Structures are given as C-alpha cells and as structure tokens.
Amino acid sequence: MEELPDTAYRRTLDRYALYGEIAAGGMARVHYGRVLGAQSVPRVVAIKCLLPELAVDPTFVRMFLAEGRLASRIRHPNVVATHDVVSLPGSPGELFHVMEYVAGDSLSRLVRKARERGATIPPRVAVSIACGLLEGLHAAHEAKSETGAPLGLVHRDVSPQNVMVGVDGLARVLDFGVATATHLVDEAPDQIKGKVGYMAPEQLAHEGVDRRTDVYAAAVVLWEALTGRRLFKADNLSALIVKVMADPVEVPSTFADGIPSDLDMILMKALSRDVRDRWASARELAVLLEGALPPAPARDVGAWVEEIGGDRLRYRAEVVAAIEAQSIAHLKVPSAARSLGRIALESASSDLAGLDADALPGAVEQALASDPQIKAVMLRRSQPLFAPEPSTARLPQLAPPAPAAQAPFVAPAPAPASTAPASPAPASPAPASPTPFAAATEPAAHAEPAPPSPRRPPVDAAFRGLSSGARSALLALGVLLLILGAAYVGLTLGKIDPP
C-alpha cells in the first residue's frame with residue numbers, strides 16, 4: 001500500500017511519536033501519535049498541541065494545563081479520555097495533551113454532510129447522540145477532585161464542534177477548560193457567532209452559570225440535529241444576540257417529521273430562557289428523552305456515521321492502520337523525557353482557582369455594552385436568572401393533569417352580617433399558552449409558595465378536601481337548617497299561625 005502523507009513520522013515529543021495532523025483550530029492542532037518504547041502497545045492516540053504563538057502567554061499555558069488536569073478527572077465512556085499532560089522545556093516550552101483517538105467525526109461535520117445530501121439525522125439517531133452528550137456532561141458536572149470534593153465543572157462551550165460521534169455509535173464530549181479563556185483570543189466574527197448561538201441567556205447576560213447552562217446548550221444541539229437547521233441565525237453579532245435573548249422558538253416538529261409531541265415539550269422546557277424553568281440536570285433530560293423517543297442502538301448510530309462520513313473516515317482508518325503497522329524500534333525516548341516535563345494529574349482542584357467562569361469573547365462584551373436592541377432586551381429581564389443549585393428531587397411530570405369537570409359552585413343564601421363570608425377556593429393554574437414556549441413546566445423545587453391574599457380569610461382545609469357532591473349536600477343541609485330556624489323564630493313570635 002502506498003504510504004499516506006499523514007503516516008510519516010515527524011518527531012518525538014517526550015515519550016510519544018508525532019505523526020500527521022488530524023485537525024487544526026484557533027488554539028491548538030491535533031496530530032496522530034503513538035507511545036514509544038519496546039513494550040508499548042501499538043495503539044494510536046490523539047496529541048493536542050498548543051500553538052507556539054500561544055505557548056508564550058502564561059495565561060494560555062495555565063489554562064491549557066488546567067484543561068488537561070480537569071479533563072483527566074472525568075472518567076466516562078461519553079467523554080474523550082485524557083491520558084497524559086506533558087510540558088517540554090524550551091523557549092517557548094511545548095505543551096500537549098495525549099487523548100483517546102476516536103474513530104469518527106464531529107457532529108457539526110456529520111450534520112453538514114447530511115444537509116448536503118438533502119437529508120437530516122434520523123430522529124432516533126439524533127436522540128441517541130444527544131443522550132450520550134448529556135450523559136457525558138452529567139459525568140463532568142459530577143466530577144470530583146482527588147480528595148472527593150465536587151469540582152463544580154461547567155463546560156460552557158457545548159456545540160456540535162465539541163461532540164465527537166464514533167463509528168462505535170458513542171457520542172463523546174471534548175474540549176473542557178480552554179473555552180473559559182477564549183475571551184483572550186482575537187477571534188474572527190464567524191467563530192464568535194458560532195459560539196454565541198449555543199450560549200444560554202444567563203451566560204450572555206453575565207448572570208452566572210451552572211449545570212443548567214450546559215443543559216440549554218445541549219438542547220440547542222439536539223434541536224438543530226433534529227431539524228437540520230440553525231436555531232438562531234443572523235447576519236451580525238448584535239442581531240444574533242438579540243435573537244438568542246428574545247426571539248420565539250418553534251418546536252422541532254414544525255420543521256421535521258417523526259418527532260412526537262412529548263419530545264417537543266421536553267425540549268422546549270430545556271430551552272427555557274429562565275434557568276429556573278429548565279430541567280435540573282443533564283441526566284434528567286437524558287432520561288426524559290429516552291422515554292419520549294427510544295434512542296437508536298449504538299450499531300445503528302455507528303452505521304449512520306460510517307455512511308455519512310464516507311471517504312474521510314475510510315482515509316483515517318487507513319492512516320491509523322499504517323501507523324500501527326510501522327516499527328518504532330529505531331525511535332528512542334529522549335533521556336530528558338524520563339525525568340523532565342511530566343505533569344502531575346493529582347492537583348485538579350487547585351486549577352479551578354482564578355478561572356473566570358463568566359468570560360466571554362471581547363466582541364460579545366462590546367455588543368452587550370453598546371447595542372441599543374440588546375440593552376432593551378436586557379432591561380426587560382427584571383428578575384435575575386441565576387438560582388441556587390437545583391435539588392435532587394424526583395423528576396417532575398411533563399404536564400399537569402387536566403382539571404376534572406366540576407359542577408358550578410352555587411353561592412349560599414346571604415348569611416347574617418356578623419358572619420364573615422367564606423372565600424372561594426383558589427383557582428386552578430391557567431393552562432399553558434400556545435406560544436413556542438408552551439411546554440408545561442413544574443415549579444422549581446426551591447420556589448416559595450405565594451402568600452394568601454390578606455383581604456380573604458383562608459378556606460377551611462376540611463371543606464376544601466371534600467368532593468363537589470359532598471359540598472353540595474352540605475350546602476343543601478345548611479339551607480334547610482336556615483329555613484327551619486326561620487320557621488321556629490316565626491312560631492315563637494306569633495307572626496304566623498300554626499298549621
């Protein structure tokens with residue numbers, strides 16, 4: 001077989017052999033790699049190298065190392081595993097992560113290739129990918145430090161570009177940590193717009209983020225996967241932010257077939273602009289999605305990935321096979337690599353100190369501060385969106401049960417002036433309005449009940465608990481007693497003749 005250009009050995013990084021490039025981004029490049037040493041397993045890994053121009057910035061160095069350390073604490077099949085973090089001495093020093101190699105492609109490219117064919121992702125395949133994404137996010141949200149303390153991780157950059165879908169049918173989350181430093185990069189407007197379209201309103205408004213911020217972004221990813229179109233799209237950054245903050249959102253079944261109404265309701269609740277109205281965790285949303293539309297099995301998802309990935313995935317498989325077949329006996333591990341540059345992975349919790357959890361790209365900051373439309377939208381947000389961490393109460397119902405039909409309430413005869421009239425029973429909540437966000441929602445677990453009106457005395461609890469038939473019988477008995485009482489008074493006073 002003719003040698004592929006990406007199988008050529010480039011150089012040695014610590015105890016790893018570096019080969020051709022897999023992908024490149026604004027902050028790093030990803031290469032094929034392999035562990036050196038006579039006893040090493042011939043297994044290809046992915047090596048993510050920080051760009052040299054960024055390796056001279058101490059802030060980026062700190063963030064890149066923090067990403068690797070934090071990612072190493074997340075151990076889950078739906079998260080791309082980080083095996084090693086290495087820093088090589090020099091001026092500037094070289095930094096790289098050694099990660100699991102995933103035979104597959106990013107969700108963004110798979111969606112784009114499907115769109116080019118005039119097709120969308122089958123709904124059950126989209127739900128399977130979304131559930132894998134959500135399970136990976138839940139593992140990150142629940143990650144603990146080496147001492148067992150919760151790390152409180154929030155991805156903050158969930159997007160189709162950061163979801164890898166393998167030919168094994170598993171969806172995996174990648175790129176934790178570096179997203180918090182992107183405000184330091186002079187990014188192109190298109191890159192910024194791509195991120196803003198998945199940012200939750202509270203993230204854009206600097207009102208604090210928690211795990212429900214990632215739930216919102218994952219819901220946007222699923223909405224787009226189901227429909228094959230962008231949820232928020234605009235010609236400029238300011239207009240895009242206004243759309244994210246204020247534009248109505250249609251249910252996905254408006255644009256695609258085969259989507260049950262329950263899935264519409266679940267997804268619209270996850271897309272609520274008020275963080276308090278969303279599902280409490282990524283796992284909660286995953287469980288509900290599985291109940292609304294059973295996910296496709298992994299083998300079907302893998303077959304779809306291979307079909308859509310086409311020649312690109314076949315080429316990568318040939319590269320991996322060629323690299324694994326090469327002899328590495330002649331490649332020696334540098335002696336310096338045996339004692340220098342090793343990065344301990346035990347200090348993940350200390351890397352959280354000093355991270356700016358609410359950092360945004362500079363262009364977004366400027367748009368928030370200057371655009372009058374955005375200012376108007378922000379002024380309408382009268383209540384802060386940030387709320388305490390949700391409770392772990394059992395899952396709420398998707399929709400409240402329909403109120404049972406009741407006989408109209410008949411008011412009793414007027415009571416004497418000294419008797420206080422009983423207040424009517426509280427009205428049932430109004431049904432959800434048929435707006436794009438009409439999905440039924442449950443009140444937040446931490447919400448306080450509204451105090452009773454001071455102008456109305458509370459209704460007796462025993463009377464409220466009776467059925468409508470029992471209340472009618474009591475009412476009739478009261479009226480009869482009033483009639484008998486009036487007759488007795490009349491007889492006593494002699495105003496009427498006895499029968």
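A residue is called buried when its relative accessible area is under 20%, exposed when the area is over 50%, and partly exposed in between (1.4 Å probe, protein chains only). By that rule, buried residues make up 45% of the 499 residues in the chain.

The structure is a predicted model, in which local features need pLDDT of at least 70 and side-chain atom pairs count only at pLDDT 80 or more, while totals for chains, interfaces and linings use all residues. Residues are numbered from 1 along each chain as its sequence is written, and side-chain values use heavy atoms, with hydrogens and water left out.

**Whole chain**

Begin with the cartoon view. The chain has 15 helices and nine strands. Helices (H or I, at least four residues) and strands (E, at least two) are DSSP runs, numbered from the N terminus. Now think about contacts, meaning heavy atoms within 4.5 Å. Of the contacts in the chain with a separation of 6 or more, 72% are between residues 24 or more positions apart.

**Stop 1: H4 and H7**

Select residues 123-141, which are helix H4, and residues 211-227, which are helix H7. Their axes come within 10 Å and cross at roughly 165 degrees. An axis here is a line fitted to C-alpha atoms, for helices over the stretch in contact, and angles run from 0 to 180 degrees between N-to-C directions. Angles under 35 degrees count as roughly parallel, over 145 as roughly antiparallel, 65 to 115 as roughly perpendicular and the rest as oblique. H4 and H7 are therefore roughly antiparallel to each other.

The crossing of H4 and H7 is right-handed. A crossing has this name if the near helix is turned clockwise from the far one by less than a right angle, and is left-handed if the turn is anticlockwise.

Show the side chains in the contact. On H4, they include Pro 123, Ala 126, Leu 133 and His 141; on H7, they include Arg 211, Asp 214, Val 221 and Leu 226. The residues of this contact divide into twelve nonpolar, two polar and two charged. In this count Ala, Val, Leu, Ile, Met, Phe, Trp, Tyr, Cys and Pro are nonpolar, Asp, Glu, Lys and Arg are charged, and the others, Gly among them, are polar.

**Stop 2: H7 and H9**

Keep H7 selected and add helix H9, residues 261-270. The two helices pack at an angle of about 140 degrees, with their axes 8 Å apart. H7 and H9 are therefore oblique to each other, and their crossing is left-handed.

Which residues of H9 meet H7? They are Leu 263, Leu 267 and Ala 270, and on the H7 side they meet Val 215, Tyr 216, Ala 219, Leu 222, Trp 223 and Leu 226. This contact divides into nine nonpolar, no polar and no charged residues.

Next click Met 268, also in H9. Met 268 counts as buried, at 2% relative accessibility. From Met 268 to Val 220 the distance is 9.7 Å, C-alpha to C-alpha, though the two are 48 residues apart in sequence.

**Stop 3: the loop after H7**

Move on to Arg 230, in the loop between H7 and helix H8 (237-246). Is Arg 230 buried or partly exposed? At 34% relative accessibility, Arg 230 counts as partly exposed. Arg 230 and Val 220 are ten residues apart along the chain, with 8.8 Å between their C-alpha atoms.

**Stop 4: H3**

Select helix H3, residues 107-116. Its buried residues are Leu 107, Ser 108, Arg 109, Leu 110, Val 111 and Ala 114. These buried residues pack against strand E7 (104-106), H4, strand E8 (163-166), H7 and helix H11 (298-325). After H3 comes Gly 118, whose phi is positive, near 75 degrees.

**Stop 5: salt bridges**

Side chains of opposite charge can pair when their charged atoms come close. A salt bridge is a side-chain nitrogen of Lys or Arg within 4 Å of a carboxyl oxygen of Asp or Glu. The structure holds 20 salt bridges.

Select Asp 175 and Lys 48, which form a salt bridge with the closest N and O atoms 2.7 Å apart. Asp 175 lies in the loop between strand E9 (171-173) and helix H5 (189-196), and Lys 48 lies in strand E4 (residues 44-50), 127 residues apart. Asp 175 is partly exposed, at 28% relative accessible area, whereas Lys 48 is buried, at 9%. Add Glu 67 to see a network of salt bridges linking Lys 48, Glu 67 and Asp 175.

Go back to Arg 109 in H3. The side chain of Arg 109 meets that of Asp 105 in a salt bridge (3.0 Å, N to O), and both residues are buried. Finish at Asp 210 and Arg 212, whose side chains meet in a salt bridge (2.5 Å, N to O). Asp 210 and Arg 212 are both buried.
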